[in-house]
Amino acid sequence: MTEHLDVHFANELLNHLEDRELPLLAWGVTEAALSKAEVIETIDSLLHSHEAAPADMSVDAVLEEFLLRALLFEVPVPVTSPPRYRTRLAESLRLTTGLRQLFARGGWAQEERPGWWQHQRRLVADYRLHVAPRRYPHRDIPASDALRELAQLPHWGRCKSARRQPC
């Protein structure tokens with residue numbers, strides 16, 4: 001069973017980890033990854049300074065929780081290398097920039113060479129990375145109040161009764 005992390009602490013930790021990756025990502029280096037020492041140092045620093053830091057969790061427990069929640073990914077490396085990590089942002093950017101166009105002459109299913117698709121043109125030629133603080137909507141409106149307000153909209157009754165048809 002995983003331990004509970006405060007959402008403000010988790011967001012702040014994710015921000016700090018992404019801030020470590022941003023300089024390389026901004027220059028187009030998407031294959032880099034954070035070392036375990038960098039991740040541990042960032043977690044430890046925040047555990048001692050953030051007001052919502054969990055008092056009963058160790059650095060390793062926080063790391064494990066981030067891995068279980070897929071906020072951080074362990075990068076496959078050779079057995080002899082120490083573990084490396086990427087945040088969701090860095091991993092999704094790496095995967096997106098690696099997409100290829102699969103329009104091979106003669107049809108893609110007829111290719112016999114292993115890895116033929118790696119020689120195709122990239123689908124993403126260039127990107128710009130704009131990072132802004134995370135924002136979340138307030139979820140403080142009771143469902144009954146929301147439904148009462150929606151019921152006052154024109155065509156709401158039709159939308160409610162014909163759920164499968166667009167309004």
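Leave aside the neighbours within four places in sequence, and Leu34 is in contact with Leu17, Arg20, Glu21, Val39, Pro83, Arg84 and Tyr85. That list is a good way into this model, which is a predicted one. Leu34 lies in strand 1. Is Leu34 buried or exposed? Its relative accessible area is 4%. Buried means under 20%, so Leu34 counts as buried.

Now take one partner from that list. Leu34 stands opposite Tyr85, a residue of strand 3. Along the chain the two are 51 residues apart, yet their C-alpha atoms are separated by 5.0 Å. Next comes Ser35. Its bridge partner in strand 3 is Arg84. Two bridges join strand 1 to strand 3, and these strands run antiparallel. Strand 3 covers residues 84–87.

Strand 3 has a second partner. Four bridges join it to strand 2, again in an antiparallel arrangement. Phe73 belongs to this pairing, with Arg86 as its bridge partner in strand 3. Put the strands together and an open sheet of three appears, in the order 1-3-2. Which strands form its edges? They are strand 1 (34–35) and strand 2 (72–75), each of which pairs on one side only.

Step back to the whole chain. It has six helices and three strands. Read along the sequence, they follow the pattern α-β-α-α-β-β-α-α-α. Of the 167 residues in the chain, 26% are buried. The chain exposes about 12,800 Å², and carbon and sulfur atoms supply 55% of that area. Consider next the contacts between residues at least 6 apart in sequence. Of these, 56% join residues at least 24 apart.

Turn to the nonpolar interior. The largest nonpolar core has 20 residues. Phe9, Leu13, Val39, Ile43, Val62 and Phe66 have the most contacts inside it. Helix 1 (7–26), helix 2 (36–49) and helix 3 (59–68) each supply at least two residues of this core. Which helix gives the most? Helix 1 does, with five residues. Val39 also appeared at the start, among the contacts of Leu34.

Phe9 deserves a closer look. Not counting residues up to four places away in sequence, Phe9 touches Leu46, Leu47, His50, Ala52, Ala53, Pro54 and Val62. Val62 is itself one of the core residues with the most contacts.

Helix 3 links this part of the tour back to the sheet. It lies across strand 2 and strand 3. Relative to strand 2, helix 3 runs at about 95 degrees. One of its residues is Glu65. How accessible is Glu65, and what does its side chain contact? Its relative accessibility is 3%, so Glu65 counts as buried. The Glu65 side chain makes a polar contact with the side chain of Arg69, at 2.5 Å.

To retrace the route, begin at Leu34 in strand 1. Cross to Tyr85 in strand 3. Go on from Arg86 in strand 3 to its bridge partner Phe73. Then find helix 3 lying across strand 2 and strand 3. Finish in the core that helix 1, helix 2 and helix 3 help to supply.

How values were computed: Residues numbered from 1 in each chain as written. Predicted model: local features only at pLDDT ≥ 70, side-chain atom pairs only at ≥ 80, totals over all residues. Heavy atoms only, no water. Core = buried A, V, L, I, M, F, W, Y, C linked by side-chain atoms within 4.5 Å. Buried < 20%, exposed > 50% of the residue type's maximum accessible area, 1.4 Å probe, protein only. Contact = heavy atoms within 4.5 Å. Pairing = 2+ DSSP bridges. Axes fitted to C-alpha atoms, helices over the stretch in contact; angles between N-to-C directions. Polar contact = N/O pair within 3.5 Å; in protein donor to acceptor, adjacent residues only side chain to side chain. Areas by Shrake-Rupley, 256 points an atom, 1.4 Å probe, with all protein chains shown as cover.
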